[in-house]
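Here are a few notes to go with the model. Have it open on your screen and follow along point by point.

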Amino acid sequence: MDKAQLAQEIYHTAHLTGEFKLRSGLVSNEYFDKYLFESNPILLREIAEHLSKLIPEGTEVLAGLEMGGIPIATALSLKTGIPVVFVRKEAKAYGTCKLAEGIDIQNKNVCIIEDVVTTGGQIKLSAEDLKQVGANVKDVLCVIDRKQNGKENLYEAGLILHSLLTMADLVAVTK
């Protein structure tokens, strides 16, 4: 499947119409449910195929952010053989009390994996948390950049965003 076909399949799978209450409290007649493309094994495999080509050279660990980045990072790990860690929004208060579950990331080049980037706020927080536990973090890889200043906000925080698609790419294939 080429990139345009992938964009079309993602859009047709995840774009919903109806009445939806948004996080802002507003009501919309459209909604983009990213979990619908993440839970589809055919699309997830194709996403991993395309995203694997964008992984920065020297990446030693893929860091899937809770919750949407985890299936993407897992699929990428299976495709590339690069180990993966699962990053919580905050360290759990019991057991190992870890922020990043999986292999040790201290002094490793870690690429953050996210499904959709809007403003990049949570990514910035998670990147700082990962750095606090000794990871080297400078790259972020996502499936969809919504183009709402996420790339610019991440750049200001010293992070480089690599995206497979934008929302404009998804809309363009439906016309």
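Which residue in β4 does Ala63 stand opposite?

1. Let's settle that one: Ala63 faces Val85 in β4. Keep in mind that this is a predicted model. The strands involved are β3 (residues 61–65) and β4 (residues 84–87), which pair in the parallel sense over 4 bridges.

2. Now zoom out to the sheet. It's an open one with 6 strands, in the order β5-β4-β3-β6-β7-β8, and the pairing is mixed. At the edges you'll find β5 (100–102) and β8 (160–166); each has a single partner strand, so one side of each has no neighbour in the sheet. On average, neighbouring strands are turned by 25 degrees against each other, direction ignored.

3. Next, look at the helices on the sheet. Helix α1 (residues 3–14) packs there and touches β7 (136–145) and β8, with its direction at about 75 degrees to that of β8. Helix α5 (residues 121–132) also packs on the sheet, touching β3, β4, β5, β6 (109–117) and β7. The direction of α5 makes about 160 degrees with that of β6.

4. Time for some backbone oddities. Most peptide bonds are trans, and most residues other than glycine have a negative phi. Yet a cis peptide bond joins Glu66 and Met67, with omega at about -5 degrees. Met67 sits in the loop between β3 and α4 (69–80).

5. Two residues that aren't glycine have a positive phi. Asn107, in the loop between β5 and β6, has a phi of about 60 degrees. Lys147, in the loop between β7 and α6 (150–156), has a phi of about 60 degrees too.

6. Buried or exposed: which is Asn107? Asn107 is exposed, at a relative accessible area of 57%. Lys147 is exposed as well, at 54%.

Technical notes: Residues are numbered from 1 along each chain as its sequence is written. This is a predicted model: local features need pLDDT of at least 70, side-chain atom pairs count only at pLDDT 80 or more; totals for chains, interfaces and linings use all residues. Side-chain values use heavy atoms; hydrogens and water are left out. Two strands pair if DSSP finds at least two bridges between them. Axes are lines fitted to C-alpha atoms, for helices over the stretch in contact, and angles run from 0 to 180 degrees between N-to-C directions. Contact means heavy atoms within 4.5 Å. Buried means under 20% relative accessible area, exposed over 50%, partly exposed in between (1.4 Å probe, protein chains only).
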